[in-house]
Amino acid sequence: MRLIVDTMLETPGAPLPPDSRFYIGRPPIEAQAYVEISKPGSLIRVRGSKRMGKSSLMLRLIEQAIALEYQTVTIDFREADAVIFEQPHKFFRWLCTLVTRQLKLPLQLDHYWDEGVGSKVSCTLYLEGYILPQINCPLVLFLNEVSRIFEYPAIAKEFLPLLRFWYEQARQATVWQQLRQVVLHSTEIYVALNLHQSPFNVGLSLQLPPFTYNQVMELAEQYKIFPKTAEVEVLLALTGGQPYLIQLAFYHICDRHLSLKTILETAASPHGIYGEHLQSQTIALQQNPDLIRAFQLANTSDDWVVLEPLLAYQLDSMGLVTMNGIQCRVSCQLYRQYCNQSHHLVSQSSEQQIARLEEENQRLQALATIDALTNVANRRYFDKCLREEWWRLLRDGSPIALILADIDYFKLYNDTQGHQAGDRCLQRVASAMQSTLKRSADLVARYGGEEFAIILPNTDAMGAMQVAESIRNTVRALAIAHPATQVGSQISPIITMSLGVASMLPHAHNEPSQLIQAADEALYCSKTQGRDRVTLSSILAFKF
């Protein structure tokens, strides 16, 4: 297999932005969705198991809606606190509040809410009488991870028929033709609904399939990888064509220069590239012993088996099995191998299971998010958080700021004082930076070597500059002695930092890499202008 090194990689697992070259279309799904979203009163249902590309497709539909000059609202049910699902009253008011705020309209719930007619009717009246007339253009309502509602039958039996009702209202009321719905879910519905009330048997149904051989080859080309036909066929069998698993393999081939042979040989090992993913699947299974037994049963046969429907749907949503009506089978060889080799799926007593689950959770969290030396977020978690915050703030219409900070002349310090002293310096600086931040949403991460990055959601340029200056002063206050006398007086006698700041308003036509580039150029200016200073990007400087 031939490989050309590519420095413009994207971390697998996050939704791919609309202009990402790593997004591989699955015709005719995208074309059908683009046409359907332009139809008055349309309803699109997108189904795909975990990490099959639902969120990436949703971003493209959002971009299409914006191009058509429609308004968009995205409701992600994973973001809702459990208390929201306790009562229909709370749920419907929460839904209307999010819609209103994303559209930047004054909240008028109390003028339309009437408990005498119930929460469902009040929600409908609010959309019909206030929201849709106010915006005076089509509104595309994206409902992401609707499967979570299936876990709350009382809410599901109220909310899901309402989606069907809104869809049917568009056939007789002009105002409802402005509403277009996109429902994304990871499994079949397992809540009992009347056939004429379900939204899952109307509108355009799209199911995201696994990648084909040609699609894998297309993705390989984008990664500048040129595998042999036999290698692709083995990879397809291993992953079942699941996009995330294939992308992860190609990413590690480029980023870590692993061979596909090595990846295949260690695929089911905890130390292979899929180790973290397999462990997260194990943790999810361990929360329900019945789910473990169902998965083990499916793994006993290469043919289709019949499982208890609810368990089969849950395994399907995790991507562990493929459904065919009421039958299912393990989705790929990777999961079969792991199940056969793993001792983690053996049923245990509740106390043992809870202890193991807590231990695995802690270990996985540390592996996935924390830099082992400095105890702040690692680069991988930084990439994930930046992309997630970017798309969240894009929906909210709020700015995001980024600070890149570098310890001045750290190589000299490390070389003269020793690596242990260098490690202690990094630890003290990271701790100082962490203590400077006041909001739980702000994130400090080790970006690489002696460089750190700070993500500041909902922050304009002025606010980010204040945070950066505070960090610079806090690090100076540590008064860590620097061996400046060895190279001249231009170096401060104590450890200092140079910082670059950028802030921007996320937009569907730009991406986080532009924010990183702007902050990096500002950091470069700080270094070339004498260090121990903060520079604001002249390219991006969003202010309220």
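Buried here means under 20% relative accessible area, and that cut-off is what settles the case of E145 in the first view below. The model shown in these close-ups is a predicted one.

**View 1. E145, a buried residue with a positive phi.** E145 sits in the loop between β4 and α6. With a relative accessibility of 14%, E145 falls under the 20% limit and therefore counts as buried. Its backbone is worth a look too: phi is positive, about 55 degrees, even though E145 is not a glycine.

**View 2. Strand β3 next to strand β4.** β3 covers residues 71-76, and 5 of its 6 residues are buried, so call the strand mostly covered. Its partner here is β4 (residues 139-144); the two run parallel and are joined by 6 bridges. To get your bearings, find T72 in β3 and look across to V140 in β4, which stands opposite.

**View 3. Helix α7 and what packs over it.** How does the end-to-end distance of α7 fit with its 17 residues? At 1.5 Å a residue, helix α7 (residues 153-169) should span 24 Å, and its end C-alpha atoms are indeed 24 Å apart, so the two agree. The buried residues of α7 include the run from F159 through L160, P161, L162 and L163 to R164. I155, A156, W166, Y167 and Q169 are also on the buried list. Among the elements covering these buried residues are the strands β2 (43-47), β4 and β5 (179-185). Helices take part as well, including α3 (88-102), α5 (119-135) and α6 (147-150).

**View 4. T124 in helix α5, facing aromatic company.** T124 is part of helix α5. Its relative accessibility is 9%, which is why T124 counts as buried. Skipping residues up to four places away in sequence, T124 touches L162, F165, W166 and W176. Two of those names, L162 and W166, also turn up among the buried residues of α7.

**View 5. Helix α3 and the residue after it.** α3 has 15 residues and reaches 21 Å from its first C-alpha to its last, close to the 21 Å expected at 1.5 Å a residue. Buried residues of this helix include F91, F92, W94 and L95, along with the polar T97, T100 and Q102. C96 and V99 are buried as well. Just past the helix comes K104, with a positive phi near 60 degrees.

**View 6. Two loop spots with backbone geometry to check.** P27 and P28 are joined by a cis peptide bond, with omega at about 5 degrees. P28 belongs to the loop between β1 (2-3) and α1 (29-37). The other spot is R51, in the loop between β2 and α2 (54-67). Phi of R51 is near 60 degrees, a positive value in a residue that is not glycine. R51 has a relative accessible area of 35%, so it is partly exposed.

**View 7. A three-stranded sheet with a helix across it.** This open sheet has 3 strands in the order β8-β10-β9, paired antiparallel. β8 (305-306) and β9 (321-324) are the edge strands, each pairing on one side only. Between β9 and β10 (residues 327-330) there are 4 bridges in the antiparallel sense. One pair to pick out is V321 with its bridge partner V330 in β10. Helix α14 (residues 309-317) lies across β9 and β10, running at about 125 degrees to β9.

**View 8. I273, tucked into a loop.** I273 is in the loop between α11 (260-265) and α12 (275-286). Buried or exposed? At 13% relative accessibility, I273 counts as buried. Beyond its neighbours within four places in sequence, I273 is in contact with L248, A249, H252, L258 and I263. C254 is 19 residues away in sequence, and the C-alpha to C-alpha distance between it and I273 is 13 Å.

**View 9. T459 and its polar contact.** T459 lies in the loop between β13 (451-457) and α20 (461-477). Its side chain reaches the backbone oxygen of P457 at 2.8 Å. The relative accessibility of T459 is 8%, so it counts as buried. Leaving out neighbours within four places in sequence, its contacts are P399, I400, A401, R439, A464 and S503.

**View 10. Helices α17 and α21 crossing.** The axes of α17 (residues 379-396) and α21 (residues 512-528) come within 10 Å and cross at roughly 115 degrees. On the α17 side the contact uses F382, L386, R387 and W390; on the α21 side, P512, L515 and I516. By class, that makes 6 nonpolar, no polar and 1 charged residues.

How values were computed:
Residues are numbered from 1 along each chain as its sequence is written. This is a predicted model: local features need pLDDT of at least 70, side-chain atom pairs count only at pLDDT 80 or more; totals for chains, interfaces and linings use all residues. Side-chain values use heavy atoms; hydrogens and water are left out. Axes are lines fitted to C-alpha atoms, for helices over the stretch in contact, and angles run from 0 to 180 degrees between N-to-C directions. Contact means heavy atoms within 4.5 Å. Buried means under 20% relative accessible area, exposed over 50%, partly exposed in between (1.4 Å probe, protein chains only). Two strands pair if DSSP finds at least two bridges between them. A polar contact is a pair of N or O atoms within 3.5 Å; within protein, one must be able to donate a hydrogen and the other to accept it, and residues adjacent in sequence count only if both atoms are side-chain atoms. The expected span of a helix is 1.5 Å times one less than its number of residues.
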